[in-house]
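Open the model in your viewer and set it to cartoon, with side chains hidden for now. The stops below say what to select next and what is there.

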Amino acid sequence: MIDIDKYFTPDLKKARKRTKNETEHGSFELEHKFEKLGIGKTYKIQTYGCQGNEADSETMAGILNNMGYTKTDAETEADIILINTCAIRENAENRIWGELGRLKPLKRKNPDLILGLCGCMAQEEKVVNRILEKYEHVDLVFGTHNIHLLPQYIEQAYFNKERVIEVFSEEGSIVENLPKVRAHQFKAWVNIMFGCDEFCTYCIVPYTRGKERSRRPDEIIQEVKELVEAGYQEVTLLGQNVNAYGKDFKDLDYTLGDLLMDLDKLGMPRIRFTTSHPHDIDDKTILAFKVCQSVMPHLHLPVQSGSNAVLKKMNRHYTKEHYLDVIEKLKQAKPDIALTTDIIVAFPTETEADFLETLDLVNRVNFEGAYTFIFSKRAGTPAATFEDNIPEVEKKERLKRLNKVVNDGYLRASTKYVGKTIKVLVDGTSKHDDRILAGYSEHNKLVNFKGSKTLIGQIVDVKVTIARTWFLIGEAVE
Ligand code: 5AD
Ligand code: SF4
């Protein structure tokens, strides 16, 4: 029999509650006793899901480095393996279950290995119960609110040889001063807020990431200043719903638009932000595209559906008409702005007529790209109880039809750049040929061109010669 009481396990109902508690702001400091714990030992972190998880993994790597651990890519050698998970759709979770099964033999070979699961899946009761019952080889489970406690968890798992399971359902405090090992040398993620209070009926995120909490502007400004000094070329401001930034400040009237205006003065060449919500986006943020040189002309603005009936059932708080108005305002502020989106097809009760509204919206906006998904039932969310009356073949057919329209949009957008000279931040070499450089344009298009590796990390002028659906090919302008 497993004694669940000795663990701190998650509770989705508790996670749904929004407390009136003021957000606590703390500062991370590594206790002296943890500083040498990892000397001579290695870790590997596997990250799934969104940029929020990528940023969290950078923090975990920073903490482990400060404890003396070193990173390894060889899982057979690792003393710690952390799986940072995503819960957004069922197939994301299935991948993780498969991965946990695959890693089991490693534990047999090296009983000292600490295998840990963290991220959004760890916040779900059904996941933690399944781990308790069937995945004995997982030693450590911690959630999204307590990453800063990683040193304690590792110490307990290592010295007591006991399973450590600690997941807080209520939102955590904002912890500053967390060490980070950034994955890129010239592009950085910067969290500006945590959590989401939108409660779209299909979405698990408000339960796994807690209520909206904004970082103080001075902390963000300081972080970006340091990144400028360190030679970074681009920052992406992160939050589940960045347009709600600052709404939780009781002493300050300060929104995302204000933050963009302040960050624009710091000399960071490129600023991006994600993810935006069409109902929260305000005029000052739209204005920032026009007046802030560093704010890049690309916006990812998830629409989810073009049908007002479906948007209502999704609890999105806007109509198709409102969305189109926002797009109009954005195009007025920045006529060449590149727009991308997320769309869910086959939401419960979506009719053919609803779906045609989505296709119509996609055509009208002229998106330059979109992530498209079939609705996936997430236990604990309201939509999981909605009658799912659409046959499986029909769901797949709608996704296929949508993707055709979306891909036509991608190619149309790519073609627009042929003959133009655009600025590309060079990320590295192409995966297929190391004589080819790869980077992203201001409009967030992937661009390949021939050039010297010394250009990596620089913003260079490239003349576009060929358009492909997913990327552009060009030549460096001497
Ligand atoms: N099913 C399908 N897609 C989903 N998304 C979020 N929740 C679900 C779900 N239950 C999509 C939304 C969101 C993106 C990150 O993932 O489109 O914008
Ligand atoms: Fe999920 Fe909606 Fe919040 Fe985005 S805005 S994280 S889709 S609940």
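## Stop 1: a lysine in a helix

Select K395, which lies in helix α13 (residues 392-416). The model is a predicted one. Is K395 buried or exposed? With a relative accessibility of 5%, K395 counts as buried, because the cut-off for buried is under 20%.

Show the side chains around it. K395 touches V345, A346, I374, D388 and I390, leaving aside residues up to four places away in sequence. With one of these, D388, there is a polar contact from side chain to side chain at 3.1 Å.

## Stop 2: ligand 1

I374, a contact of K395, also belongs to the surroundings of ligand 1. Select ligand 1 and the residues around it: I88, R89, Y202, Q304, D342, I344, F373, I374, F375, S376 and R378.

Three polar pairs are worth displaying as distances:

- The side chain of R89 has an N or O atom 2.9 Å from an oxygen atom of ligand 1.
- The side chain of Q304 places an N or O atom 2.7 Å from an oxygen atom of ligand 1.
- S376 takes part through its backbone: a polar backbone atom there is 2.8 Å from a nitrogen atom of ligand 1.

## Stop 3: ligand 2

Keep Y202 selected, as it is listed around ligand 1 and also around ligand 2. Now add the other residues surrounding ligand 2: C196, E198, F199, C200, C203, V205, P206, H277 and R316. What kinds of residue make up this shell? Seven are nonpolar, one is polar and two are charged.

## Stop 4: salt bridges

How many salt bridges does a search of the whole structure find? The number is 37. A few of them follow.

Select K247 and D280, whose side chains form a salt bridge with an N to O distance of 2.8 Å. K247 sits in the loop between β12 (234-238) and α8 (256-264), and D280 in the loop between β13 (270-274) and α9 (283-291), so this pair ties together parts 33 residues apart in sequence. The two ends are not alike in accessibility: K247 is exposed, at 55% relative accessible area, whereas D280 is buried, at 10%.

Next select D283 and K329, a salt bridge at 3.2 Å, N to O. D283 lies in helix α9 and K329 in helix α11 (residues 320-333), so the pair connects parts that are 46 residues apart in sequence. D283 counts as exposed at 51% relative accessibility, while K329 is partly exposed at 42%.

Then go to D262 and K265, which meet in a salt bridge at 3.0 Å, N to O. D262 is partly exposed, with 23% relative accessible area; K265 is exposed, at 66%.

Finally, select K44, E75, E99 and R102 together: salt bridges link these four in a network.

## Stop 5: helix α8

Select α8 and colour its buried residues, which are L256, G257, D258, L259, L260 and L263. What do they pack against? Their partners are α7 (217-229), β12, β13 and α9.

## Stop 6: the parallel sheet

Hide the side chains again and select β2 to β7. Six strands form an open sheet with parallel pairing, in the order β3-β2-β4-β5-β6-β7. Its edge strands, β3 (70-71) and β7 (164-166), each pair on one side only.

At the β7 edge, look at the neighbouring strand β6 (residues 140-142): three bridges join β6 to β7, and the two run parallel. To find one bridge, select F142, whose partner in β7 is E166.

## Stop 7: antiparallel strands

For pairing in the other sense, select β17 (residues 421-429) and β20 (residues 459-467), which pair antiparallel over five bridges. K423 and its bridge partner in β20, D461, mark one position to inspect.

Now add β21 (residues 472-476). β20 and β21 also pair in the antiparallel sense, over five bridges, and V462 has A476 in β21 as its bridge partner. β20 and β21 form a hairpin, with four residues between the two strands. Strands of a sheet pair through backbone hydrogen bonds, parallel or antiparallel, so show backbone atoms here rather than side chains.

Terms used: Residues numbered from 1 in each chain as written. Chains lettered and ligands numbered in written order. Predicted model: local features only at pLDDT ≥ 70, side-chain atom pairs only at ≥ 80, totals over all residues. Heavy atoms only, no water. Near = heavy atom within 4 Å. Nonpolar A, V, L, I, M, F, W, Y, C, P; charged D, E, K, R; others polar. Buried < 20%, exposed > 50% of the residue type's maximum accessible area, 1.4 Å probe, protein only. Contact = heavy atoms within 4.5 Å. Pairing = 2+ DSSP bridges. Polar contact = N/O pair within 3.5 Å; in protein donor to acceptor, adjacent residues only side chain to side chain.
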